[in-house]
Structure formats: structure tokens, C-alpha cells
Amino acid sequence: MRERLHRWDEAIARCEKALVAVMLSLMIVLALLQVLLRNAFATGISWGDPLVRNLVLWVGFIGATMATKEGKHINLDVVSRWIGEGRLWLVRALVHFLSVGICAILAYAALLFVANEARSGAVTFLDVPMWVPELVIPVTFGLMTLRFGLAFLEALALRGSSESPDRRPGVA
Amino acid sequence: MSTLLVCAILLVLMLLGAPIFVVISGLALYLLASAQIDLSAMIIEMHRMATTPILVAIPLFTFAGYVLSESGAPMRLVRLSDAFLGWLPGGLSIIALVTCAAFTALTGATGLTIIALGGILLPAMSRGRYPEMFSMGLLTTSGTLGLLFPPSLPLIIYAIVAKVRVDQLFLAGILPGIVLVMLLSAFSVQRAVHFQVPRARFRAGEAVAALKEAAWEIPLPLVVLGGIYSGRFAVSEAAAITAAYVLLVEVVILKDIGWRELPEIMRKSMVLVGGILIILGAALGLTNYLVDAEVPMNVLSFLKARIASPVLFLVVLNLFLLAAGCTMGMFSALTVMVPLMAPVAQAYDIHPVHLGIIFLTNLEIGASIPPLGINLFISSIRFERPVLRLYVACLPFIAILLLCLVIITYWPWLSLAFLK
């Protein structure tokens, strides 16, 4: 069961990597094009800026789900340095359990938000309804919920085994 | 009462290693629910933050910083400053300070400096016969040095959260940043003379060669700053130009990095960006509620009743921020503390831009303060030394940094000189 979940997770991760690469490249090209057009020809693409802003939204939230997969969310992780190897699984399980709960609520809140936006009928670049790019928020929070869930299962599986989960250094 | 309980539970889980964004979101969601406000208010704030126009600068500058750190640029930077500063007494330590500061400004104080430069500079300083404790202390505290120079990420984030103009904040950081580097350099020179480290001679040939080698990277600060202050382009546009320029130089011209490596570098840099943005979003959701609930007003009236003078207020603020920088980490301290403290500081007549520089200087120093400053742990992993040794190694440098903090805090002119 966990095996299969992992394979799906890896497949999703490959899609995320490709999406982020394409979107970031598009962001650089579009932003650069706008500078050139404005400075050289005193013009610009009217849908360029809102599209770039939506690309940032996507790249940011996809980045956050990738951080979840890799255990790279910014955290303090002070106490676990002094917790014995035997108890570490319990700490991990507790922490991941909380994260699952909070991310699930955030995903639900994001769905409410998207539904509200859909009812408002607002549009963004090229007359795309606002709620379409905003879908990335509930989707990524849903993914984060699943990934924290997977990490939770892994922490439980470590119980009793002498193997310790790797301790990654935090960044920033 | 139950709010206190929820705070206590979340605090314990945070200390146990729960992601900061989960803890902040948890608190915000709880407060919203108990005030019977629709939970989507949280997402509204996140969405509003993520689509702020200036925010485009964050992924673009971060990506450019990652490309630079994976290329040969750190080596060229070290060689260049070696050629020009190596002949000074204590030259190598000045090189370390200057390169770390430049690199941190470009990569945004995200822990990359110690990882990318530490491995080059520590062996170089050992060969230069600097005592190991001195070198490690210097490199550890330099992990966030340069944070006040544009276009560092914390400056941009402060501007977004505190709603001050980013170009003004960029200008404000320059003199205080120079003061930090100068005082640390002076201290290092004094120590180097004391340790009697051998001096190198200036060689014109090497200087020219190093200049030639770094010829493509030298214009980079001009691209970033010149464009913004000539009024030609906005900060977010400067970020796009920087990213494109770095790609052109490192991938097309120098070929330090292959096209095939780019998606992986993009992925790595965006993992960091995602981690920061989601904290930023969660924190704005929380502080939006707190501002509605008039928490800053309550903090203010509490403080006003006890602290009359701005001088004393700044002492308290500094101690508080040093502790926050040491324990919470830079990005969470910035996003949570700034909206709460900015209105309070304004009531004490502190200029919002000066306040930004005070904030960032504190967080920069806090990152090296025992027991929890993040630089100590990054160094401990990078240099494979016990954290306790680094605690001791950093102390003299922290003393110098604190002296700088006093100067920056009580001499507003330093921060505001360029704004007029």
C-alpha cells in the first residue's frame, strides 16, 4: 500500500518539477519582454502582468508542496536533537499528525474561497475566470495533506525499528 | 483560557519541529473559528499576498542566487577579492567578510553563504595560518552578513509586510551594511596582527587576471542597482533582468552550468521560495486577524504606560528582536513581528524605514546567537564541528555586531541619509 502511494507521489513530483521549470522560465521571459517593450517602444502586453502574478502564485504553492515532500519546510527542530532515537518516531508522528489536520482545514478553507470567487464572476488575464488559476490553492493544500499523511505513516512504521529517520538541517 | 491552551500546544509542537507555517496557520484558523469568521478569510490573505506585484522579485532573485551559487562565481569572487585585498594585514579575513556580504546580498540570507563559500574560505584561512576558532567564528557570523545590502530577500519581505517602499529600504541598508563590514574588518585586522599571520604581496598580474575572469559578474550590482535608481525599471523588473543576465553569463557565455541542470536548480530554488511564501501567507492571515482584534493597539497602550522614552523602547525592542531572531528564525520573525511592532514603533516616532533596518540588523545578529541561531547549526553541519565549539568561536564577533547594532539603532542618519 505504502509502496504504491510512494510511486504516485514520485510521479506527481516529476510533474511538479516540470511545471515549475516551465512556469519560472515563462515568468522570466514575460517579465523581460515587458521591460523591453516598455523602454524601447513605450508599450506592453496588457495581460502580461496579471499572468506573471498568477505564475508566482502557482510556483509559490507548488514550491510549498515540494517542500512538504522533501521535509524542507522551515521549522525549529530544537527539542528533537535531545530526544533519544527510540522516541523520535513518536515526535515525528505527533508533528505530522498536526500538519495533516491543519492542511486539511486549509484545503477546505481554500475550496470555500474558490467557490466564493466563482460566484463573484471576476475575470483575470485574457478573460480567464479568476477562480481557475486560484484552483492551485486547494489542490496544493490537498497534496500537502496527503504528503504529511504519508510522512505520518512512515513515522508510525519506524516504531520499534532501530533505524532512525534522517535529520535534515533546516534552511534559513 | 482555551486560547492559552491552544497556544501552549502549538508552541510545544513548534519546538518539536512542526513546520512554522502549520503552527501559524493553526493559530490563525483557531482564532478565526472562535470569532466566528469564515475560514476562507485566511485564504483571501494568502492569495492577496501571493499576487502582490512586488512579490515577483522573490522567485526571480532567489533563482538567480541559486544559479550563481552553483556556478564558478563564488570561486571567482574569492579570487578577485584576494587579488585586491590579500596584501592588507588580515587580508584573508577581510576577503571572507566582503565575499560573504556580497554573496548574502545576492542569495538572500537563506543559508547558502556558509554552504557555498564556507568550504572555500575555511581551508584558505587555515592555510593562511589563522587559528581555527577565529576562522569558524568569522565564517559563521558572516552567514547573514550582507543582509542589509540590496537586493537581499529579507529587505524585500520587510518592505512587503511593513508596506514601505522597497527602493527606499534598499538605499537605507547600504551605510549600516558598510558599518557592519568595516567594524568586523577592523577587528579582524587587529586579530590578524596579533596572531602574526603572514602577509601576501600585491601582484598586478594576478589582479588583472582575476578582473578578467570575473569581468562578466562585476557589472551585476550595477544591473541590479543602476536600473532601479536611474528610474528605468521597477524592483520586480530588475529581478527579471538579473535572472536573465545570470542565465546568459553562467549558462550561455561561461558554460559553468549546462541547460540540463537548470530544471533541478529551478526546483531547488522554488522549494525554498514556496517554504518562505507559505509562511508569509500564513503570517499575514494571522496578523490580519490580530490587527482587526486591535492587538497592536493593546501592545502599544501596555508599553506606553510603562516606557516613556523612545530610547528605552528601542533597548527593549532590540533585546526582544535578538531573541526572536535567535529562536524563531529570520523569515517567521519578520512576518509575524513586523505587523505587530510597526504601529507601536511609529507611536514612538521611529521612522518606518529606520525601523526596518533595526529589525533586519537584529535578525541578522540573532541568527548567530547561541543557543538556537540558525547560522550555528548550518556551520556545524558544513564544517563538521560540534555546535558548542561554534558557540564559543562566535562570541567575540557577536560582541562587535552588537556594538554595530547600538550605532545603527541610535544614529538614524545612517539609515536615512540617502533618502532625502
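Two residues are in contact here when they have heavy atoms within 4.5 Å of each other. By that yardstick, residues 24 or more positions apart account for 76% of the contacts in chain A with a separation of 6 or more.

Before going on, some ground rules. This is a predicted model, where local features need pLDDT of at least 70, side-chain atom pairs count only at pLDDT 80 or more, and totals for chains, interfaces and linings use all residues. Residues are numbered from 1 along each chain as its sequence is written, chains are lettered from A and ligands numbered from 1 in the order in which they are written, and side-chain values use heavy atoms, with hydrogens and water left out.

Let's start with chain A as a whole. Chain A has five helices and zero strands, where helices (H or I, at least four residues) and strands (E, at least two) are DSSP runs numbered from the N terminus. With a radius of gyration of 20 Å, well over the 16 Å that the globule rule gives for 172 residues, chain A is more spread out than a compact globule. That radius is taken over C-alpha atoms, and the rule is 2.2 Å times the number of residues to the power 0.38.

Here are some whole-chain values for chain A.

| Property of chain A | Value |
|---|---|
| Span of the C-alpha trace along its principal axes | about 65 × 35 × 30 Å |
| Residues that count as buried | 46% of 172 residues |
| Exposed area (Shrake-Rupley method, 1.4 Å probe) | about 8,800 Å² |
| Mean pLDDT (predictor's confidence in each residue, 0 to 100) | 85 |

"Buried" means under 20% relative accessible area, "exposed" over 50%, and "partly exposed" in between (1.4 Å probe, protein chains only).

As for confidence, 90% of the residues of chain A reach a pLDDT of 70 or more. Over residues 164-172 of chain A, though, the pLDDT is below 50, and this stretch has 21 contacts in the model beyond near neighbours in sequence. Where pLDDT is low, the predicted coordinates should not be read in detail.

Now for a single residue. Asp9(A) sits in helix H1 (residues 2-41) of chain A and is buried, with a relative accessible area of 9%. Setting aside neighbours within four places in sequence, Asp9(A) touches Lys69(A), Arg147(A) and Leu150(A).

Over in chain B, helix H19 (residues 374-383) is mostly covered, with seven of its 10 residues buried. Among them are Phe377(B), Ile378(B) and Phe383(B). Their cover includes helices H7 (112-127), H8 (132-141) and H20 (387-410) of chain B. Just after H19(B), Glu384(B) takes a positive phi of about 55°.
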